[in-house]
Amino acid sequence: MSNIKNLKIISIPKISDPEGRGNLSFVEKNIIPFKIKRVYYLYDVPSDGSRGGHAHKKLNQFLIALSGSFDVIVDDGSSKKTFTLNKPNKGLFIPNGIWREMENFSAGAICLVLASDYFDESDYFRDYKRFIQFKHI
Ligand code: TYD
């Protein structure tokens, strides 16, 4: 059963250009602990907007602030923790069974999500009480 202790910030390689042409980062199979089947991204989120508000039964995800910053509040049913993502070369691994809320999006923030499976609405817990019941079985 996932615990917020299983969540971690993973460093993504950053190649700085010796001639000052900027940075390049890449995500390869060995950087994150699952095989990527889907990529999606959140953008144009208002500063007072929130995303997330759900947990997944099986899906594993890796979140990267490609631009700007936002907070990810994670909850394993027993405790909560807030991670601020604000670097394109650091990502947050969120395994299945973790409730997440995302807020405090900066102007122009882009959240890239790498996911372990295709979209499947039946994989979601969208009701917090049901999530808590599931976690305390
Ligand atoms: P949702 O995962 O609830 O977004 P967030 O957690 O950012 O608030 O998805 C929002 C809507 O988009 C929902 O109707 C499902 C749909 N959706 C897809 O069709 N495909 C996808 O890959 C994702 C992530 C969402």
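Colleague: How many aromatic pairs does the structure hold?
Modeller: A word on the ground rules: this is a predicted model, in which local features need pLDDT of at least 70 and side-chain atom pairs count only at pLDDT 80 or more, while totals for chains, interfaces and linings use all residues. Residues are numbered from 1 along each chain as its sequence is written, and side-chain values use heavy atoms, with hydrogens and water left out. Rings of Phe, Tyr and Trp (its six-membered ring) pair if their centres lie within 6.5 Å; planes under 30 degrees apart count as stacked, over 60 as edge-to-face and the rest as tilted. By that rule, the number of aromatic pairs in the structure is 9.

Colleague: Are the rings of Phe70 and Phe105 stacked or edge-to-face?
Modeller: A pair of aromatic rings is described by the distance of the centres and the angle of the planes. Here the centres of Phe70 and Phe105 are 5.0 Å apart and the planes stand at 20°, so the pair is stacked.

Colleague: How many residues apart are Phe70 and Phe105?
Modeller: Phe70 sits in strand β7, and Phe105 in the loop between β10 (99–103) and β11. Helices (H or I, at least four residues) and strands (E, at least two) are DSSP runs, numbered from the N terminus. The pair therefore links distant parts of the chain, with a separation of 35 residues.

Colleague: Is Phe105 buried or exposed?
Modeller: Buried means under 20% relative accessible area, exposed over 50%, and partly exposed in between (1.4 Å probe, protein chains only). Its partner Phe70, at 1%, counts as buried. Phe105 has a relative accessible area of 2%, so this residue is buried.

Colleague: What is the angle between the planes of Phe125 and Phe134?
Modeller: These two rings form a tilted pair, 4.8 Å centre to centre. Phe125 is buried at 6%, whereas Phe134 is partly exposed at 30%. The angle between their planes is 40°.

Colleague: Which residue lies over the face of Phe125?
Modeller: Phe125 belongs to a cluster that ring pairs build with Trp99, Tyr128, Phe131 and Phe134. A charge sits over a ring if NZ of Lys or CZ of Arg is within 6 Å of the ring centre and within 35 degrees of the ring normal. At 5.3 Å from the ring centre of Phe125, the residue over its face is Lys57.

Colleague: Which element gives the largest share of the largest nonpolar core?
Modeller: A nonpolar core is a set of buried Ala, Val, Leu, Ile, Met, Phe, Trp, Tyr and Cys residues joined through side-chain atoms within 4.5 Å. The largest one has 19 residues, and those with the most contacts inside it include Phe70, Ile94 and Met102. Two or more residues come from each of β6, β7 (70–75), β8 (80–85), β9 (90–94) and β11. The largest share, 3 residues, is given by β7.

Colleague: What is the relative accessible area of Ile94?
Modeller: Ile94 lies in strand β9. Among the residues it touches (contact means heavy atoms within 4.5 Å) are Leu7, Leu63, Val72 and Val74. Ile94 is buried, with a relative accessible area of 0%.

Colleague: How many bridges pair β6 with β11?
Modeller: Two strands pair if DSSP finds at least two bridges between them. Strand β4 (residues 38–42) is joined antiparallel to β11 by 5 bridges, with Tyr41 opposite Leu112 as bridge partners. Strand β6 (residues 61–67) also runs antiparallel to β11, and Ser67 has Ile110 as its bridge partner there. The number of bridges between β6 and β11 is 6.

Terms used
Lists of a residue's contacts leave out its neighbours within four places in sequence.
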